[in-house]
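Please look through the sequence and the model below, and then follow one helix and the enclosed spaces of the structure in turn.

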Amino acid sequence: MTVIAETALQEEIRDLARRRDAVILAHNYQLPEIQDVADYVGDSLGLSREAAATDADTIAFCGVHFMAETAAILSPEKTVLLPDLDAGCSLADSITADQLRAWKAENPGAIVVSYVNTTAAVKAESDYCCTSGNAKAVIEAIPADREILFLPDMHLGMWLERVTGRKLRLWLGECHVHAGIRPGDVERWQSEAPDAELLVHPECGCASQCMAFGNGRTHVLSTEGMIRFAQGSPKSRFLVATETGIIHRLQKEAPGKSFEAVSERAVCRFMKMTTLGKLRDCLRDGKHVVTVPDDVAAKARGAIDRMVAIG
Ligand code: SF4
């Protein structure tokens with residue numbers, strides 16, 4: 001698409017959003033042209049907070065299905081639209097509500113902490129939700145004598161065990177994109193770019209190993225944490241170990257600094273399903289509406305409210 005065609009489509013989208021009284025929310029991993037047309041770009045926690053706070057009638061959610069479900073639970077009176085219903089998540093798909101019920105039955109009395117990358121039905125079976133931005137605070141808010149079932153991301157879980165000193169029971173799920181960033185990718189960059197700071201997302205297959213590097217220039221951070229760190233750092237070169245979509249936002253919000261992906265393969269095909277054409281169609285035609293059954297939403301809301309409340 002030419003720049004002129006892209007700009008025209010973005011103007012059409014802004015106009016449709018105004019007429020529908022819609023707010024456009026976009027995840028950090030969305031395509032650059034989607035991030036640029038959005039009202040708000042952020043991580044799961046930030047997007048949940050925006051969805052809960054907005055006055056708009058409609059939320060056009062540029063992300064994946066479980067995120068739109070979370071918005072629908074937090075704002076039941078609003079219409080939540082997802083531009084492509086096939087935008088799923090391999091991590092969320094790694095555990096079903098039936099599997100979680102069986103796991104709970106094997107561990108009676110345990111507290112269930114679910115990463116936000118889960119279906120509404122799994123959240124409904126959980127005591128707490130968390131994102132990578134507040135997972136440590138959520139674990140630390142649970143009394144030390146309580147057993148914790150943590151799901152579905154084992155890499156985030158292993159990182160949490162290291163930073164909190166708590167033993168967690170871990171579900172062995174993973175995000176194929178982040179798990180694909182291997183310690184070898186990081187080690188190669190560490191030797192080739194000794195002047196660079198390394199920013200690592202805790203979902204990565206290398207995150208718990210990176211903690212062991214102890215070199216003072218490796219930082220395990222949520223995507224929002226990466227942006228704050230880059231803005232505040234006196235350093236000018238950063239290697240980024242997460243989905244490559246974050247690089248666009250880092251370049252915009254920390255101008256004049258250099259950001260390089262440790263793995264160009266770290267691209268989530270689900271996140272990239274949202275295109276300007278699909279976003280335009282979604283706002284023009286009011287599709288695809290994402291809803292959550294009332295009974296599931298009521299049970300899931302408590303866990304999500306605790307996530308939004310814990311900073
Ligand atoms: S990057 Fe991984 S966790 Fe995030 S939406 Fe894609 S598959 Fe799911």
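A residue is called buried when its relative accessible area is under 20%, exposed when over 50%, and partly exposed in between (1.4 Å probe, protein chains only). This is a predicted model, in which local features need pLDDT of at least 70 and side-chain atom pairs count only at pLDDT 80 or more, while totals for chains, interfaces and linings use all residues. Residues are numbered from 1 along each chain as its sequence is written, and side-chain values use heavy atoms, with hydrogens and water left out.

Helices are DSSP runs (H or I, at least four residues), numbered from the N terminus. Helix H8 spans residues 154–164, and because eight of its 11 residues are buried, H8 is largely enclosed by the rest of the structure. The buried positions of H8 are Met154, His155, Leu156, Gly157, Trp159, Leu160, Glu161 and Thr164. At the N-terminal end, aspartate 153 caps H8, with a side-chain oxygen 3.1 Å from the backbone nitrogen of histidine 155; just after H8, glycine 165 takes a positive phi of about 75 degrees.

Turning to the ligand, the residues around it (a heavy atom within 4 Å) are Cys89, Ser90, Leu91, Asn117, Cys175, His176, Glu203, Cys268 and Met271. By class, this shell has five nonpolar, three polar and one charged residues, where Ala, Val, Leu, Ile, Met, Phe, Trp, Tyr, Cys and Pro count as nonpolar, Asp, Glu, Lys and Arg as charged, and the others, Gly among them, as polar.

Notes: Helix = DSSP H or I, 4+ residues; strand = E, 2+ residues; numbered from the N terminus. Polar contact = N/O pair within 3.5 Å; in protein donor to acceptor, adjacent residues only side chain to side chain.
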